[in-house]
Amino acid sequence: MRRFTYVTANTVTDAVKTKATTPNAKYLGGGTNLVDLIRADIEHPDTLIDITRLPLADVEEISTGAVRIGALTRNSHAAAHPLIRTRYPVLTQAILAGASGQLRNMATVGGNLLQRTRCHYFYDTAAPCNKRSPGEGCAALNGGYTRNHAVLGTSRNCIATHPSDMAVALAALDAVVETESAEGNRRIPIEDFHKPPGETPYSETTLGENELITAIELPVLPPARNSRYRKVRDRSSYAFALVSVAAALETENGRITNARLALGGVGTHPWRARTAESVLKGAPATESTFREAAEAELSTATLLPDNAFKAPLAVRTITATLTSLT
Ligand code: SF4
């Protein structure tokens, strides 16, 4: 058993100051991933800073009309909130598609963004893994079983998928992550928040070492009222996505005026489907357009024998999800 120090923070200033002055410390929110990682001998913090007392658990409309979700809002509360259910149904559906009821009651939206991959080799400390131990190699790419692995945004060092459903919806919605640290505040567009593995798969986000996520802001986005999250998985609950699609669609006289599309289960990070969106813009809102857009997005996929099925599955899921929004 490894010993660690447990401290509580009562204000954001207190939390970021403690983090900046305490070596090898981690913020503890819901703990639904971090505690598992400590138990699995993957994370080894010397100090845990409990941030659950910070006043960051509100969902509110701000003066610009945008909606701000405090980072410590529990997943279940965010999903059930009327502002989210009516203006961003794709986000409610994505959150409810993830984990179990008990986990959603405990997990926070800030922590959801930071959850780590569920690649089974990452959790198997007997297997080589560049994400867990830089430079060790990748058991998945070295003849491993890759059925659940990514086909977009991969590198020669890592092909693990990002596990979050919520973050896929946030990618489609152009959310902004707000942070605070001893150096000040930052606003990070969600597309710039998660990083592809490249040569440094162990570095997963652009969050600074001592930065604390304080909120997620959802912009005013009328097309989001007509939005949907569809998740394909091996069993109907408590399973990670093989493929998931977050989509929002606005049409006028049968043509697409605004489309937002993001994918989960196929990318090394929540995957904003920009190529597909450019095909959709201004095109007729028909099934053949949706399929063409989906095929364009998946045309750059890097497939392995175990996970090659994900490309046609993603094309069909994108097509079906967009069709359901017309
Ligand atoms: Fe590790 Fe990534 Fe390879 Fe999985 S795919 S074993 S997380 S390096």
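**Exercise 1. Describe the lining of the second largest cavity by class, then find what occupies the space.**

Step 1. The lining of the second largest cavity divides by class into 11 nonpolar, four polar and one charged residues, where Ala, Val, Leu, Ile, Met, Phe, Trp, Tyr, Cys and Pro count as nonpolar, Asp, Glu, Lys and Arg as charged, and the others, Gly among them, as polar. This is a predicted model, in which local features need pLDDT of at least 70 and side-chain atom pairs count only at pLDDT 80 or more, while totals for chains, interfaces and linings use all residues. Residues are numbered from 1 along each chain as its sequence is written, and side-chain values use heavy atoms, with hydrogens and water left out.

Step 2. The second largest cavity holds about 80 Å³ of space; a cavity is a set of points, on a 1 Å grid over the protein atoms alone, where a 1.4 Å probe fits but cannot get out, and lining residues have an atom within 4 Å of a point. Grid points are joined across faces, edges and corners, and a volume is the space filled by probe spheres set on the points.

Step 3. Of the 16 residues that line the second largest cavity, Cys119, Cys129, Cys138, Ala140 and Cys158 are the closest to its centre.

Step 4. The ligand takes up the space of the second largest cavity, a placement that requires more than half of its atoms to lie within 2 Å of the grid points. Of the 15 residues around the ligand, those that come nearest are Cys119, Cys129, Cys138, Asn157 and Cys158, a residue being near if one of its heavy atoms lies within 4 Å of the molecule. The shell around the ligand has 11 nonpolar, three polar and one charged residues.

**Exercise 2. Work out the volume and lining of the largest cavity.**

Step 1. There are four cavities of 30 Å³ or more, and the largest cavity has a volume of about 130 Å³.

Step 2. Among the 17 residues that line the largest cavity, Lys131, His162, Lys195, Glu204 and Thr268 are the closest to its centre.

Step 3. Sorted by class, the lining of the largest cavity has five nonpolar, eight polar and four charged residues.

**Exercise 3. Locate the assigned domains and state their separation.**

Step 1. An automatic or database domain assignment supplies the bounds, giving domain 1 (5–52) and domain 2 (226–324).

Step 2. Taken over C-alpha atoms, the centres of domain 1 and domain 2 are separated by 36 Å.

Definitions and conventions:
1 Å grid on protein atoms, 1.4 Å probe; cavity = no way out; pocket = protein on both sides within 12 Å on 5 of 7 lines; lining within 4 Å.
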